[in-house]
Amino acid sequence: MNFDMLLQGFSVVFQPYHFLLAIFAVLVGILVGALPGMTAAMTIALLVPLTYGIDPTPSFVLLLGIYNGAIYGGSISAVTICIPGTAAAAATIFDGYPMAMRGEAGKALGMAVIASFFGGLVSAIIMTFLSPQLAKVALRFGPPEYFGIAMFAISVLVFISGKSLLKGLISGMFGLVLATIGMDPNSGMERFTFGFSEMMQGIGIIPGCIGFFAFSQIFLEIDKPFMHAVRSTSAKIGTFLLSWKELKRVFPTMVKSTLIGTFIGIIPGIGCETGCFVAYGEAKRASKNPERFGTGILEGIAAPEAGNNATTGGAMIPMLSLGVPGDAITAVMLGAFTLHGLTPGPLLFRDHLDLVYNIFAAMIMANILMGVLGWTLARYYARIVNIPKAFLFPMVSVLCIIGTFAVNLSMFDVYVAVALGFIGYCMRKYEYPVAPALIAIILGPLAEANYCRALMLSHGSYLIFFKSWIFDVFLLMSIVSFTFAFIQRKQLARMMGAGEEGSDEPAAIITN
Amino acid sequence: MKRADIAAGIIILLVSAIMYASLQRFLGKSFTRYGPDVFPQFLTIVWSILAILLIVNALRGKFIKGSEKFTFVEVKRVLIVVVTIVASLVLMNYIGFLFSMVIFLFVSMSYFGEKRLIPKICLSIGIGVSIFLIFRYVMVIPLPEFRLF
């Protein structure tokens, strides 16, 4: 770690041109993240070719600003309309939307900004100081370790299963079944495509997220009696400020979620969506009052938002140090390196150390700007709750349609998203949570591919898994989380009344 | 909710059985022991066990009491919107993204309860054109075009 070079990097990125570019990029990123259907990966993919004509430093200032802004921006629509703007904000709806419905949209958005800023900034600092060292951790991950982390992340779904553990597991299995549609990752043979060539690619993350969360939420809103009101009454937004006591209370959650998100970001192929769910699940597991998660508490927003923004710094680590992208967005950013004739990895640190430190400084600056701009503009974002639903949901539907279409330029994906939306609507009406299904769609291919690869490497011996200490750690964590969830639900059921899994209170649709 | 849980369990068992049967075509066709049928077969078995547990729980009276009523009227409202979306997607292939989305916006705003004509027309055209311009010309995403003549 070279402090002189870092200071030099700051002096470069804080030049007026770079600074204004960063402000523009963060604003665009927040907007892109807030609109369901528009993704950071798509926006960055479209902007990478445009950076051909400009120097590498301003190029990365632009791209990193959009990256960090978009991951935070997803929380805005998650809180205000219960539709995550990005898949990374899917867990934020569990507590963000109930707070908005209680008239505390301002506080929820304020919490999202603070947690996103904290998570992103700390992980950017970790990236700056420990990049080459932490990259070595990523090198230790082989098929058994990847299977371990996928298994752990899927086991976390038991904590986000709403009222019924059994229904959460059924939902998760449904997601894993959906994930088998398409090409087998090991042999390339097609499964369950029913002759449709479009199904060879399987169910993507974007159609899955938009279907299960966006369309299903729109359909749920339709069947509410007040949906047909022309104007919605002015919803109370409330204060954006958190008290010092509240900040002290959520601080440990933010720290833990940041570390979880950074670690998950470091592992190539695991994205910020996993970071937000794992952070939320862990926060709920470790809480003294886990039953309050999903009812609208600050910790339920702090955890996923710190977790997802922390993956941004983590994902940059293997990309810069090894040339291996941490997630889909950094995979697209690799294209920017190639465009400028650069090769990420050890050679980048040797031959272009000044650029590396400029990137470190740009990442830190982007997070600071994201915090400042997010906080300043939160009062305007919060007004989304006052837009009449007769105007809002048709517009959101169009964005979802075009956003899903734009991923693969495939109308089939849109049909899949609508179908999953209807299935998700039926699931949520009958208390089946949709979040486990989505996380299973994301991680199912990873779990299957690495499970089979590990067994092929070991010629069928399951000892390959247990010989890896990383797998053993994840296995232990999975067993602990599963056991804890089981005991917790038994205790809850005993408290609520004998013989029933849930209570007579209105169904917690949001946690489902 | 009891009948719904039993019905869901039965549907899952049927789907699992169909999946398991369709995976038999992979037997002996893979180059390795861990072919495309191994993981899905495991999933269908576990899913079936969970479905049986669900049915047993429902029969024993262990289910969540929900206050939501899933009535035909509600389903009809949702199905109308689904049909509207699908119809607009089909229409898109003939009249292009812009026109089909403007029509969709107008129809859905009307269905969602907006009665004033001028705001509906202005917002449908405004939102539709804005989104079209941003995606077509700023983000350079090729969108379905008008093909009728």
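**Close-ups of a pocket and some aromatic rings**

**View 1. Helix H3 of chain A gives the largest pocket its biggest share of lining.** Four residues of the lining of the largest pocket come from H3(A), and that is the largest share. Keep in mind that this is a predicted model. H3 spans 40-47, and it has company in chain A: H9, H11 (272-286), H13 (328-339), H16 (389-408) and H18 (435-457) each put at least two residues into the lining as well.

**View 2. The middle of the largest pocket.** The space in here comes to about 910 Å³. The lining runs to 35 residues, and the closest to the pocket centre are Ala41(A), Ile205(A), Ile206(A), Glu273(A) and Ala328(A). As for chemistry, the lining splits into 21 nonpolar, 10 polar and four charged residues.

**View 3. Phe174(A) meets Phe212(A) edge-to-face.** Over all chains, the structure holds 32 aromatic pairs. In one of them, Phe174(A) and Phe212(A) sit 6.4 Å apart, centre to centre, with 75° between the planes, which makes the pair edge-to-face. Phe174(A) belongs to helix H8 (residues 165-179) and Phe212(A) to helix H9 (residues 205-222), so the contact ties together parts of chain A that are 38 residues apart in sequence. Are these two rings buried or exposed? Phe174(A) counts as buried at 16% relative accessibility, because the cut-off is under 20%. Phe212(A) is buried too, with a relative accessible area of 0%.

**View 4. Phe132(B) and Tyr137(B), with an arginine over the tyrosine.** Over in chain B, the ring centres of Phe132(B) and Tyr137(B) are 6.2 Å apart and their planes stand at 85°, so this pair is edge-to-face. Phe132(B) is buried, at 17% relative accessibility, whereas Tyr137(B) is exposed, at 55% relative accessible area. What lies over the face of Tyr137(B)? That would be Arg136(B), at 5.3 Å from the ring centre.

**View 5. A lysine over Phe106(B).** Here the charged partner is Lys120(B), which lies over the face of Phe106(B). The distance to the ring centre is 5.0 Å.

**View 6. An aromatic cluster with members from chains A and B.** Chain A brings Phe147(A), Tyr451(A), Tyr462(A), Phe465(A), Phe466(A) and Phe471(A) to this cluster. Chain B adds Phe39(B) and Phe42(B), and together these rings form one aromatic cluster.

Terms used:
Residues numbered from 1 in each chain as written. Chains lettered and ligands numbered in written order. Predicted model: local features only at pLDDT ≥ 70, side-chain atom pairs only at ≥ 80, totals over all residues. Heavy atoms only, no water. Phe/Tyr/Trp six-rings, centres within 6.5 Å; stacked < 30°, edge-to-face > 60°. Buried < 20%, exposed > 50% of the residue type's maximum accessible area, 1.4 Å probe, protein only. Lys NZ or Arg CZ within 6 Å of the ring centre and 35° of its normal. 1 Å grid on protein atoms, 1.4 Å probe; cavity = no way out; pocket = protein on both sides within 12 Å on 5 of 7 lines; lining within 4 Å. Points joined across faces, edges and corners; volume = space filled by probe spheres on them. Nonpolar A, V, L, I, M, F, W, Y, C, P; charged D, E, K, R; others polar.
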